[in-house]
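Trainee: Can we go through this one together? I'll ask as we go.
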Amino acid sequence: MRRDADARVWSPEAQPERTALAWSRTALAGAVLVCGLVRHLLPTHPVVAGTLAVVAGPVMVAVATAARARYRDSHRALRGGRPLPDGRLAAWCVLLVTIVALAAGLSVVAG
C-alpha cells in the first residue's frame, strides 16, 4: 500500500517545476533587492551604486538563466533516470548575496 501511495503523490513534472518557480522567485527577489539598494545608494554613493548595478546585473541574469537550464536538465534527468544537475545555481546565488551584502556593508560603514 505504501508503494501505491508514493506513486500517486510523486509526479515527474511537479518537482522540477516547483524548483524552477522557487529559483525564479529567488532571482526576482535578488533583482528587487539590488534595485532598491542601488536607489538608496545613488544620492550619496553614486560610484558604489553604479558598481553594484554593473556587477550584480549580470549575476542576476546568470541566476535566471541557470534556473531555466536547471529546470530543463532536471526534467530530462528525472525522465531518463539520471542524476540531477550539480549546484552551480546555488553558487551563483551565493555570489549574488555576497555582492549585495558587501554593498550594504559599505553603505553602512560609509554612512
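Trainee: What is Ala66 in contact with, leaving aside its neighbours within four places in sequence?
Mentor: Ala66 is in contact with Leu89 and Trp92, where contact means heavy atoms within 4.5 Å. This is a predicted model, where local features need pLDDT of at least 70, side-chain atom pairs count only at pLDDT 80 or more, and totals for chains, interfaces and linings use all residues. Residues are numbered from 1 along each chain as its sequence is written, and side-chain values use heavy atoms, with hydrogens and water left out.
Trainee: Which helix is Ala66 in, and is it buried or exposed?
Mentor: Ala66 is in helix H3. Ala66 counts as buried because its relative accessibility is 19%. Buried means under 20% relative accessible area, exposed means over 50%, and partly exposed is in between, with a 1.4 Å probe and protein chains only. Helices are DSSP runs of H or I with at least four residues, strands are runs of E with at least two, and both are numbered from the N terminus.
Trainee: How far is Ala66 from Ser24 in space?
Mentor: C-alpha to C-alpha, Ala66 and Ser24 are 9.8 Å apart, with their positions 42 residues apart in sequence.
Trainee: Ser24 falls within H2, going by the residue range. How do H2 and H3 cross?
Mentor: The axes of H2 (residues 14-41) and H3 (residues 46-80) cross at roughly 175° and come within 9 Å. Therefore H2 is roughly antiparallel to H3. The axes are lines fitted to C-alpha atoms, for helices over the stretch in contact, and angles run from 0 to 180 degrees between N-to-C directions. Angles under 35 degrees count as roughly parallel, over 145 as roughly antiparallel, 65 to 115 as roughly perpendicular, and the rest as oblique.
Trainee: What kinds of residues form the contact of H2 with H3?
Mentor: There are 21 nonpolar, 4 polar and 2 charged residues in that contact. Ala, Val, Leu, Ile, Met, Phe, Trp, Tyr, Cys and Pro count as nonpolar, Asp, Glu, Lys and Arg as charged, and the others, Gly among them, as polar.
Trainee: Which residues of H2 are buried?
Mentor: Pro16, Ala20, Trp23, Ala27, Gly30, Val34, Leu37, Val38 and Leu41 are buried in H2. H3 and H4 are included in what covers them.
Trainee: Why would buried positions recur at spacings of three or four?
Mentor: An α-helix has 3.6 residues a turn, so residues three or four places apart point the same way.
Trainee: How far does H2 reach?
Mentor: H2 has 28 residues and spans 40 Å from first C-alpha to last, close to the expected 40 Å at 1.5 Å a residue. The expected span is 1.5 Å times one less than the number of residues in the helix.
Trainee: And H4, how many residues does it have?
Mentor: H4 (residues 88-110) has 23 residues, and its reach of 33 Å is close to the 33 Å expected. Among the buried residues of H4 are Leu89, Cys93, Leu96 and Ile99. The buried residues of H4 pack against H2 and H3.
Trainee: Back to H3. Is Ser74 buried or exposed?
Mentor: Ser74, in H3, is buried, with a relative accessible area of 8%. Neighbours within four places aside, Ser74 is in contact with Pro16, Leu84 and Pro85. Ser74 and Thr19 are 55 residues apart along the chain, and their C-alpha atoms are separated by 9.5 Å.
Trainee: What about Val55, buried or partly exposed?
Mentor: Val55 lies in H3 and is partly exposed, at 37% relative accessible area. Its C-alpha is separated by 9.1 Å from that of Leu96, 41 residues away along the chain.
Trainee: And what does Ala53 touch?
Mentor: Ala53 touches Val38 and Pro58, not counting residues up to four places away in sequence. Ala53 is in H3 and is partly exposed, with a relative accessible area of 37%.
Trainee: Now the whole chain. How many helices and strands?
Mentor: The chain has 4 helices and 0 strands, in the pattern α-α-α-α along the sequence. Of its 111 residues, 27% are buried.
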